[in-house]
Each structure stands twice: as structure tokens, then as C-alpha cells.
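Here's a quick briefing to read alongside the sequence and the coordinates. Have the viewer open and click through the spots as they come up.

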Amino acid sequence: MRIASFVGQKGGVGKSTLARVLAVAAARAQHKVLIGDFDLEQLTCVEWGALRMRNGIEPEIEARAFKSLKKLRKTVEGYDLVVVDTRGLADELTDDVSRESDVVFLPTGTSMDDLRPTLALARKLAKTRSVSNKIVIVLSKTGRSERLLEQAEATIAEAGFDMLNAVWPERDGFQADLDVGRAGSESSNPHLKQAAQDVEQALLTLAMA
Ligand SMILES: Nc1ncnc2c1ncn2[C@@H]1O[C@H](COP(=O)(O)OP(=O)(O)OP(=O)(O)O)[C@@H](O)[C@H]1O
Ligand SMILES: [Mg+2]
């Protein structure tokens, strides 16, 4: 069983979205996948899973709320992959989840406003030796400026962290899909589908490696 987690110090950067994108990719690849939703205030993934079920979208994605890692550990037998979604705030749970994970994704925007706290969290997590080689920064909700993207990539590389080899572009269509229980490559728009497939594959490869 593998655990892939999405953590961050910032709200709204795409943690819950990319968690769903990865879960869909894993399910479509015939892996038995569970989303562990630790954001008990929002329950973004749990609500989305229920909506997906109501709308009859296959494959079904199981998403359950968890308060502690202890509870999660007790429940996860029989799954190939558990995708953990956390709150937009780094706390003790972030440290625990990171230690338990096989890969820790930190989604971030390209602005320094986003990169600064993300890299600070990455540095903090990396102090735990067993976590340092699992951290992967994901450029998320990126705009159309190549220059901003390159700058962000350079900043991350300079900080010495690994980066996902695909970016998650900001597109209104992805929001519309999430709102009906779909995610990523399930988009009916071929351009969005292609962009999502690249990210999905990159996430899935690292999650199942
Ligand atoms: N590629 C995208 N293009 C446009 N909108 C997006 C994209 N990805 C996510 N969103 C939207 O951005 C918002 C924030 O995304 P999401 O909920 O995944 O962030 P989060 O990091 O989980 O936030 P929080 O910290 O509040 O849990 C949501 O409304 C989502 O629909
Ligand atoms: Mg969220």
C-alpha cells in the first residue's frame, strides 16, 4: 500500500483538486484507491465523492474523512493507494502525514507570495531525514506566462527541491468539471483532457513508484 499526500501552508493552491486528479488516475489504472480527507472543516473530497456517486460517474472514488493518522492506518488495509488531502495550513498533522507518506506533494502557485511559504514548509519538512527525499513541489493553477513559469522553476531548483515534471494549468473548465463530480482527464474538452493527462501521469508515476 502506498500513501501520497498533498500538504501546504497556503489555502486554495490546488491540494484537494490534485488529490482528486490523482485518485481518478489511479482508479482508472485499476488500482484500489481511497482518498483520506483530513480537512474536516471543508471535506472537499468527501463532498465531491458523494456528488460523483449521485451523478453516477464511474469509476466510483471512495473518499472518507479522517481525524488522525491512527484511524487511517487502521482502515487502509486492502488499498493499493491512499491519497491524503490536508488543510491549507501546516500543523502537527502535516509532519505526521509526511513521515507516513511515500511521496509528499506540495502544490504552489508561481508567485513569490506562494513560493516563499511553500519552500519554507518544504525546508521544514526536509529536516526530517526520512521525509527529505519524498518532497515534490507541484506548480499549480499556473497562468499563461512562460516567463513566470520559468522563474518559478528556477526558484524551486535553486532551493534544491524536486518538481513534478508537469504543471497544473489554471482553466475555468476544470472548475466546472469538479463541480459535477469529475476531475482532470475526465474533462470533455480535449485541450483540458490533454493537459490533465500529463499531470495525472506524472502524479501517478511518483505515487506508485
Ligand atoms: N486548474 C485549475 N483551474 C481553475 N480552477 C482551479 C484549478 N484547480 C483548482 N481550481 C479551483 O481552485 C479552488 C481551490 O482549489 P482546491 O480546493 O483544490 O485548493 P486547496 O489547496 O485544496 O484549498 P484549501 O487550502 O482551501 O483546502 C477551487 O475552487 C477549485 O475548483
Ligand atoms: Mg482543500
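P59 sits in the loop that runs between helix 2 (44-54) and strand 3 (62-65). Its peptide bond with E58 is cis, with omega at about -10°. Keep in mind that this is a predicted model. The rest goes by topic: the first helix, the ligand, backbone oddities, and one arginine.

**Helix 1**
- Helix 1 covers residues 15-28, which makes 14 residues.
- From first C-alpha to last, helix 1 reaches 20 Å, close to the 20 Å expected at 1.5 Å a residue.
- How much of helix 1 is covered? Mostly covered is the verdict, with 13 of its 14 residues buried.

**Around ligand 1**
- Ligand 1 has 19 residues around it, and the closest are K15, S16, T17, P169 and R171.
- T17 puts a polar side-chain atom 2.5 Å from an oxygen atom of ligand 1.
- S16 also uses its side chain: an N or O atom there is 2.8 Å from a ligand 1 oxygen.
- G14 joins in through its backbone, where a polar atom lies 3.0 Å from an oxygen atom of ligand 1.
- On its own, ligand 1 has 640 Å² of accessible area, and the protein covers 83% of that.

**Positive phi away from glycine**
- Q30 comes just after helix 1, in the loop between helix 1 and strand 2 (33-37).
- Phi of Q30 is near 70°, a positive value in a residue that isn't glycine.
- Q30 counts as exposed because its relative accessibility is 68%, over the 50% cut-off.
- K141 is another non-glycine residue with a positive phi, near 55°.
- K141 belongs to strand 6 (residues 135-142).
- Is K141 buried or partly exposed? K141 counts as partly exposed, because its relative accessibility is 41%, in between the 20% and 50% cut-offs.

**R123**
- You'll find R123 in helix 5 (residues 112-126).
- R123 is partly exposed, because its relative accessibility comes out at 45%.
- Which residues does R123 touch, leaving aside neighbours within four places in sequence? R123 is in contact with A159 and F161.
- F174 is another story: 51 residues from R123 along the chain, with 31 Å between the two C-alpha atoms.

Technical notes. Residues numbered from 1 in each chain as written. Chains lettered and ligands numbered in written order. Predicted model: local features only at pLDDT ≥ 70, side-chain atom pairs only at ≥ 80, totals over all residues. Heavy atoms only, no water. Helix = DSSP H or I, 4+ residues; strand = E, 2+ residues; numbered from the N terminus. Expected span 1.5 Å × (residues − 1). Buried < 20%, exposed > 50% of the residue type's maximum accessible area, 1.4 Å probe, protein only. Contact = heavy atoms within 4.5 Å. Near = heavy atom within 4 Å. Polar contact = N/O pair within 3.5 Å; in protein donor to acceptor, adjacent residues only side chain to side chain. Areas by Shrake-Rupley, 256 points an atom, 1.4 Å probe, with all protein chains shown as cover.
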